[in-house]
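Let's walk through this chain together, sheet by sheet and then residue by residue. Have your viewer ready as you read.

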Amino acid sequence: QVQLVESGGGLVQAGGSLRLSCAASGGTFSRLSMGWFRQAPGQERELVASVMWSGGTTYHTDSVKGRFTVSRDNAQNMLYLQMDSLKAEDTAVYYCAADRRLYPRQYEYWGQGTQVTVSS
């Protein structure tokens, strides 16, 4: 069983930066596909970014390309999301997710979420 704990959310002004972290335990981290999702009030949850086992393959949804960067540290069992040039529309609860498959369509394990609020 994999446990995921997010941290780093908060309130920031538009144009500012935040770095989200996700600590993983209970599994072989280097063999987990990892993703960051977000869900804003009244909206469906969406995949923001993902990174596969070695960290060499990443994905960023179009709305965050050039502003957000996903990364992982397999030695520390950590996943990160560096968020720069934040916009009001980035306001959401951000979730860390993990799955044992490569390029998963659905993720098996989820964190509790961390709130990101961007004031305009």
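## Terms and ground rules

Two strands count as paired if DSSP finds at least two bridges between them. Strands themselves are DSSP runs of E with at least two residues, numbered from the N terminus.

The model is predicted, so local features need pLDDT of at least 70 and side-chain atom pairs count only at pLDDT 80 or more, while totals for chains, interfaces and linings use all residues. Residues are numbered from 1 along each chain as its sequence is written, and side-chain values use heavy atoms, with hydrogens and water left out.

## Strands around β11

Strand β2 (residues 10-13) and β11 run parallel, joined by four bridges. Within this pair, Q13 has S119 of β11 as its bridge partner. Strand β9 also pairs with β11, this time antiparallel and through three bridges; here A92 stands opposite V116.

Strand β11 itself spans residues 114-119 and has two faces. T114, V116 and V118 make up the covered face, while Q115, T117 and S119 make up the uncovered one.

## The open sheet

Which strands form the open sheet, and in what order? Four of them do, in the order β1-β3-β8-β7, with antiparallel pairing. Because β1 and β7 (68-73) stand at the edges with a single partner strand each, one side of each is left without a neighbour in the sheet. From one strand to the next, the twist averages 15° (axes are lines fitted to C-alpha atoms, for helices over the stretch in contact, and angles run from 0 to 180 degrees between N-to-C directions).

Edge strand β1 covers residues 3-7, and its side chains alternate. L4 and E6 point to one face and are buried, whereas Q3, V5 and S7 point to the other and are not. Buried means under 20% relative accessible area, exposed over 50%, and partly exposed in between, with a 1.4 Å probe and protein chains only. Five bridges hold β1 and strand β3 (residues 18-25) in antiparallel pairing, and S7 faces S21 across that pair.

S21, in strand β3, counts as buried because its relative accessibility is 13%. Beyond residues up to four places away in sequence, S21 touches V5, E6, S7, W36, M78, L79 and Y80, where contact means heavy atoms within 4.5 Å.

## Two buried residues: S33 and D90

S33 lies in strand β4 (residues 33-39), and at 0% relative accessibility it counts as buried. Its C-alpha atom is separated by 5.2 Å from that of D99, although the two are 66 residues apart along the chain. The side chain of S33 also reaches the backbone oxygen of R101 at 2.5 Å. Leaving aside neighbours within four places in sequence, the contacts of S33 include V51, W53, R72, L102 and Y107.

D90 sits in the loop between β8 (78-83) and β9 (92-99). Is D90 buried or exposed? With a relative accessible area of 1%, D90 is buried. Its side chain makes a polar contact with the side chain of R67 at 2.7 Å (a pair of N or O atoms within 3.5 Å; within protein, one must be able to donate a hydrogen and the other to accept it, and residues adjacent in sequence count only if both atoms are side-chain atoms). A polar atom of the D90 side chain also lies 2.8 Å from the backbone nitrogen of K87. Outside four places in sequence, D90 is in contact with R38, R67, F68, S85, V116 and V118.

## The loop between β3 and β4, and a cavity

T28 is placed in the loop between β3 and β4 and is exposed, with a relative accessible area of 51%. From C-alpha to C-alpha, T28 and Q39 are 27 Å apart in space and 11 residues apart in sequence.

A search of the whole structure turns up one cavity of 30 Å³ or more. On a 1 Å grid over the protein atoms alone, a cavity is a set of points where a 1.4 Å probe fits but cannot get out, and lining residues have an atom within 4 Å of a point. Grid points are joined across faces, edges and corners, and a volume is the space filled by probe spheres set on the points. The largest cavity has a volume of about 30 Å³, and its lining consists of V2, A24, S25, G26, G27, F29, L32 and N77.

Technical notes. 1 Å grid on protein atoms, 1.4 Å probe; cavity = no way out; pocket = protein on both sides within 12 Å on 5 of 7 lines; lining within 4 Å.
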